[in-house]
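Student: Please show me the model, and then we can go through a few local features.

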Amino acid sequence: MSRPDPTQAGLTTLPQWQALQQHFAAIGPLQLRELFAADPQRGERLVIEDIGLYLDYSKQRVDADTLRLLRELAVACALPQRIEAMFRGDKINSTEGRAVLHVALRAPATEKILVDGHDVVPDVHEVLDRMAAFSERVRSGAWLGHTGKRIRNVISIGIGGSDLGPVMAYEALRDYSRRDMTFRFVSNVDSTDFAEAVRDLDAAETLFIVCSKTFTTLETLSNAHAARAWSVAALGDEKSVAKHFVAVSTNADGVAKFGIDTANMFGFWDWVGGRYSMDSSIGLSTMLAIGADGFREMLAGFHAMDEHFRHAPLEKNLPVLMGMLAVWNNNFLDAATVAVLPYEQYLKRFPAYLQQLTMESNGKHVTLDGATVDYNTGPIYWGEPGTNGQHSFYQLIHQGTRIVPCDFIGFGQTLNPLPAQGGGDQHDLLMANLIAQGEALAFGKTAGEVRAEGTPEALVPHRMFEGNRPSTTILAAKLTPHILGTLIALYEHSVFVQGVIWDIDSFDQWGVELGKQLAKTTIAELVAAHEPKLAHDSSTNALIRRYRQLRDDAISGKA
């Protein structure tokens, strides 16, 4: 779906974009100190509270005019129509000719969503019901391994979206998981990843979930065959594969050839992108960990945000606001990165998950029509849990030369209360740090304030903080499966909003293909019995030769 006015040459020629540029010239020099001084109620007004989230954006470098102009830009870029097109099942992934319907994965059974005239909601719930029945058999001990032992270990094998989502969800919801079961994840084709995952496990008690839609993904299948060899060697029978392997795939022939009973194959659809798939059958390990009820609670959280995104007015719409602020910071404040800083240890893998979600979606250099963009698209997402990051990279965020907008995420209640030294709860100390960091970034410390503390003049420049660093704070009562789903969907839809404004396809990922294609040639050259004739550039040729030498010397004992 292109922009509604085909006479426009591109985003930067839109009057609404140019109005924002003029506005930035006027507001750019303003400090957050000034904005708060001029509006004492700013911290209470620039807040949206809905569906269990409290989002404070008052420390962003915006005013009422900024927000109005951003909304006008969103309308000019047909954001409301694009939102409806996605929910309607239109093929908005234009380069692959596919619908984009991760929202269908969490739709209630009573809804109806059509893809090429077919209602996909019953299909989704049929798979969910099969997942739930299988999970209950494993969790109850009714499913037994080849030797009659119950399953106590689950290893999910996947890569990219088939791994990052399940890993993040398991870590995030570990407090709700079965503590008498071990869950591990293998993604890297580096053999160490697999070796360490199984080192202390009993094959007779271990179930592998092989996650590959096509059942041809090189890294995943390499690890799956390593798992098969390890399991069969320990159990002594090829037939044992059927009791210790299940598949998340649509390739029944490939699954059966591997030795997996296709009755234990759980499918998903081409309208589900990998990085949007953790609430599909790719989340089977999540359901095994937290149970079917917990998984459905998480889906309900996703759906609550979907409904909010679809129906809330733009000025009160959480993902729209997040997405537009991201555009403002990226394209007008020239902020190249975003730090996601969850003050919740269970969310330690959330920034890594968002890296793929945001950077694979919006790391694009051409518009939907194939024209080269003349503006920056997707920023770099990164982060660590608080308070760990405070003792590593916060120095750059506070006093460095680059603006790094921050998303702080915190909760009113911890899942593991501990008394703090000096009284109170340790969680209070954690949240005090979250709140203080946002305040410090926004308001800093002037040279005069530093001098008033008695600081020697030579140290004043070192101890002053410029401030005026933008941040958003998201609070919720407690990390639950429902709130996790809500948070993930918030970022999913924010990514979509940004992509609509930038006029790019947020749902393809052609950039991951070239390296994989070249690797197919290179692997043949690395394993050739005799040094092959190489036709790469001089660096690549030299690296191939040096690797072969290092490997062969190590094998022969020369290294």
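Student: Which residues of helix α8 are buried, and what covers them?
Tutor: This is a predicted model, where local features need pLDDT of at least 70, side-chain atom pairs count only at pLDDT 80 or more, and totals for chains, interfaces and linings use all residues. Residues are numbered from 1 along each chain as its sequence is written, and side-chain values use heavy atoms, without hydrogens and water. In α8 (residues 191-198; helices are DSSP runs of H or I, at least four residues, strands of E, at least two, numbered from the N terminus), the buried residues (under 20% relative accessible area, 1.4 Å probe, protein chains only) are Phe194, Ala197 and Val198. Their cover includes β5, β6, β7 and α9.

Student: How do the buried residues of α8 fall when seen down its axis?
Tutor: The arc is taken from the directions from the helix axis to the C-beta atoms. For Phe194, Ala197 and Val198, the arc is within 80°, so they line one face of the helix.

Student: Is Asp175 buried, partly exposed or exposed?
Tutor: Asp175 sits in the loop between α7 and β6. Partly exposed covers the range between buried and exposed, the latter being over 50%. Its relative accessibility is 29%, so Asp175 counts as partly exposed.

Student: Which residues is Asp175 in contact with, leaving aside neighbours within four places in sequence?
Tutor: Contact means heavy atoms within 4.5 Å. Asp175 and Leu415 are 240 residues apart in sequence, yet their C-alpha atoms are 7.4 Å apart in space. With those neighbours left aside, the contacts of Asp175 are Tyr346, Leu415 and Asn416.
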